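Trainee: I should like to learn how to read individual features of a protein model. May we work through some examples together?

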Amino acid sequence: MKAHIPPRQQISNRSLKAVDEYIQEESHNMSRRLFKLVAVALNELYGFGAKRNLELSQRVGNLIIEHQDDEIFWQHVDRRCDQMGLGYPHEDYEQMEKRKRR
């Protein structure tokens, strides 16, 4: 069975709000899980304790909040990751621009 998602104009504001809240909650859950995994890995590999792990997660969280849709910031992050040879795919800057317009 294929789901049909009606165009944005046909979705009620109440439904849009519910979808947005769900996405925000799931995004928060994924971020929390990722931070937990990074904390465990940093502890195992480099002996990071609670203080350093909390400082790291707070700094990253603040950077995300401050620069979520800042295309230039993410271009710099992508460049730094390239310089380190991490091989992460670059962000979708066009999608960021669309989100800023909403």
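Mentor: Let us start with Asn 53, whose side chain reaches the backbone oxygen of Ala 39 at 3.5 Å. Please keep in mind that this is a predicted model.

Trainee: In which helix does Asn 53 lie?

Mentor: Asn 53 belongs to helix α2, which covers residues 50–67.

Trainee: Is Asn 53 buried or exposed?

Mentor: The general idea is to compare the relative accessible area with a cut-off, and buried means under 20%. Asn 53 has a relative accessible area of 11%, so Asn 53 is buried.

Trainee: Which residues does Asn 53 touch, if those up to four places away in sequence are not counted?

Mentor: Asn 53 touches Val 38, Ala 39, Leu 42 and Phe 48. Ala 39 thus appears in this list of contacts, and its backbone oxygen is also what the side chain of Asn 53 reaches.

Trainee: How far apart are Val 40 and Asn 53 in space, C-alpha to C-alpha?

Mentor: The two C-alpha atoms are 9.0 Å apart, while Val 40 and Asn 53 are 13 residues apart in sequence. Val 40 lies in helix α1. With a relative accessible area of 45%, Val 40 is partly exposed.

Trainee: Let us turn to a charged residue. Where does Asp 78 lie?

Mentor: Asp 78 lies in helix α3, residues 71–84.

Trainee: Which side chain of opposite charge is nearest to Asp 78?

Mentor: For a salt bridge, the charged atoms must come within 4 Å. The nearest side chain of opposite charge is that of Arg 79, at 8.7 Å, and Asp 78 has no salt bridge although it is buried.

Trainee: What does the side chain of Asp 78 reach at 3.0 Å?

Mentor: That side chain reaches the backbone nitrogen of Glu 91. Leaving aside residues up to four places away in sequence, Asp 78 touches Pro 89, His 90, Glu 91 and Tyr 93.

Trainee: How should I read separations along the chain and in space?

Mentor: One reads the two values side by side. The C-alpha atoms of Lys 17 and Asp 78 are separated by 31 Å, and the residues are 61 apart along the chain. Lys 17 has its place in helix α1, and at 54% relative accessibility it counts as exposed.

Trainee: What separates the C-alpha atoms of Ile 64 and Ser 27?

Mentor: A distance of 12 Å separates them, with their positions 37 residues apart along the chain. Ile 64 is found in helix α2 and counts as partly exposed at 36% relative accessibility. For another pair, Ile 11 and Lys 51, the residues are 40 apart along the chain and the C-alpha atoms are separated by 45 Å. Ile 11 lies in the segment before α1 and counts as partly exposed, at 23% relative accessibility.

Trainee: Finally, which residues make the nonpolar surface patch?

Mentor: The patch is made by Val 19, Tyr 22 and Ile 23, and its area is about 310 Å². Ile 23 is found in helix α1, residues 13–46.

Trainee: Why can Ile 23 be part of such a patch?

Mentor: A patch residue must have over 30% relative accessible area. Ile 23 is partly exposed, and its value is 48%.

Conventions:
Residues are numbered from 1 along each chain as its sequence is written. This is a predicted model: local features need pLDDT of at least 70, side-chain atom pairs count only at pLDDT 80 or more; totals for chains, interfaces and linings use all residues. Side-chain values use heavy atoms; hydrogens and water are left out. Patches are made of residues with over 30% relative accessible area and no salt bridge: like charges are joined within 9 Å, nonpolar side chains (Val, Leu, Ile, Met, Phe, Trp, Tyr) within 5 Å. Accessible areas come from the Shrake-Rupley method with a 1.4 Å probe; for residues, only the protein chains shown count as cover. Helices (H or I, at least four residues) and strands (E, at least two) are DSSP runs, numbered from the N terminus. Buried means under 20% relative accessible area, exposed over 50%, partly exposed in between (1.4 Å probe, protein chains only). Lys and Arg count as positive and Asp and Glu as negative; His and the chain ends are not counted. A polar contact is a pair of N or O atoms within 3.5 Å; within protein, one must be able to donate a hydrogen and the other to accept it, and residues adjacent in sequence count only if both atoms are side-chain atoms. Contact means heavy atoms within 4.5 Å.
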